[in-house]
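Please find below a colleague's note on the structure under review. It is set out as numbered points for ease of reference.

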Amino acid sequence: MKKILIIEDEESILLALEDNLALEGYEVSSATDGEQGFSMAKEHGYDLIILDIMLPKMSGFDICRELRQAGMTTPILMLTAKSQEVDKVLGLELGADDYVTKPFSPRELLARVKALLRRAKQPKKDIDRYRFGDIEVDFIKYEIRKKGKSIYLTALEFALLHFLIKHKEQVVSRDSILDEVWGDEVYVLPRTVDKHIAELRKKIEDKPSSPKYIIGVRGVGYKFKG
Ligand code: CA
């Protein structure tokens with residue numbers, strides 16, 4: 001299930017958004033001020049963030065800029081007040097992916113949400129080679145070396161590592177790992193992810209029991225550091 005975070009201080013808009021998105025089968029979380037929204041956005045593996053601009057404590061612009069500077073690539077849909085062209089341009093410059101002008105119809109908003117989620121599924125800038133700690137990995141040749149020595153990874157472990165590195169410094173949920181690495185059509189339990197993460201850790205971590213690169217985030221998923 002796709003997880004959406006709404007950061008909006010106007011109660012009537014927030015409630016309408018929550019209802020409409022929940023009806024469509026999304027898992028919705030919300031924050032009513034900028035600071036709370038920012039800390040939620042940083043810590044949890046959301047698939048999309050709906051972000052108002054005028055917010056108490058921290059503006060939508062600041063939230064957007066800070067998230068992007070931290071390397072977060074989660075799609076952001078901004079809510080702008082009517083006819084504020086400047087807001088739209090600034091929002092997109094700061095890294096928002098799209099915007100909807102208030103007042104908006106539920107249908108229009110849902111269409112934008114779906115389009116953004118669909119686009120986010122496509123691979124972004126691909127990583128061919130990557131180096132972290134004493135590890136060098138080549139995703140084109142399917143080669144990985146630790147301290148210069150070749151180690152063996154399965155194709156699935158390569159895909160898993162690639163996904164984690166692509167989303168480094170972000171918390172990724174088990175569901176998003178399943179969607180991306182295993183694909184929608186295969187039925188796998190979230191626990192399967194944990195099993196394969198454990199295998200991957202044994203191969204790349206110095207101490208798999210206290211991992212340095214693939215960090216578990218309790219109740220949410222994993223985060224790659226390196
Ligand atoms: Ca507002």
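The points that follow pass from the whole chain to one helix, the metal site and a single strand residue.

1. The model is predicted. Its protein chain contains 8 helices and 12 strands. Along the principal axes, the C-alpha trace extends over about 60 × 35 × 30 Å.

2. The radius of gyration of the protein chain is 19 Å, which agrees with the value near 17 Å for a compact globule of 226 residues. Of these 226 residues, 46% count as buried. The accessible surface amounts to about 12100 Å², and carbon and sulfur atoms account for 51% of that area.

3. Contacts across the sequence also deserve a remark. When contacts between residues at least 6 apart in sequence are considered, 56% of them join residues at least 24 apart.

4. Helix 1 comprises 13 residues, from 11 to 23. From first C-alpha to last, helix 1 reaches 18 Å, close to the 18 Å expected at 1.5 Å a residue. Just after helix 1, G25 adopts a positive phi of about 95°.

5. Which residues of helix 1 are buried? They are I13, L14, L17 and L21. Viewed down the axis of helix 1, these buried residues fall within an arc of 95°, so they line one face of the helix. On the other side of helix 1, the exposed residues are E11, S12, D19 and L23.

6. The calcium ion has three named protein donors: D9 (OD), D52 (OD) and M54 (O), which lie 2.1 to 2.3 Å from the ion. Along the chain, the donors follow the spacing D-x42-D-x1-M. The pair D9 and D52 links distant parts of the chain, being 43 residues apart. D9 lies in the loop between strand 1 (3–7) and helix 1, whereas D52 belongs to strand 3 (residues 48–52).

7. Are the two aspartate donors buried or partly exposed? D9 has 32% relative accessibility and therefore counts as partly exposed. D52, at 4% relative accessibility, counts as buried.

8. T80 is located in strand 4 (residues 76–80). With a relative accessible area of 1%, T80 is buried. What does T80 contact once its neighbours within four places in sequence are left aside? The partners of T80 are I53, D87, K88, Y99, V100, T101 and K102.

Methods
Residues are numbered from 1 along each chain as its sequence is written. This is a predicted model: local features need pLDDT of at least 70, side-chain atom pairs count only at pLDDT 80 or more; totals for chains, interfaces and linings use all residues. Side-chain values use heavy atoms; hydrogens and water are left out. Helices (H or I, at least four residues) and strands (E, at least two) are DSSP runs, numbered from the N terminus. The expected span of a helix is 1.5 Å times one less than its number of residues. Buried means under 20% relative accessible area, exposed over 50%, partly exposed in between (1.4 Å probe, protein chains only). The arc is that of the directions from the helix axis to the C-beta atoms. Donors are N, O and S atoms within 2.8 Å of the metal (3.2 Å for Na, K and Ca); water is not among the atoms, so sites may look incomplete. Contact means heavy atoms within 4.5 Å. The radius of gyration is taken over C-alpha atoms; the globule rule is 2.2 Å times the number of residues to the power 0.38. Accessible areas come from the Shrake-Rupley method with a 1.4 Å probe; for residues, only the protein chains shown count as cover.
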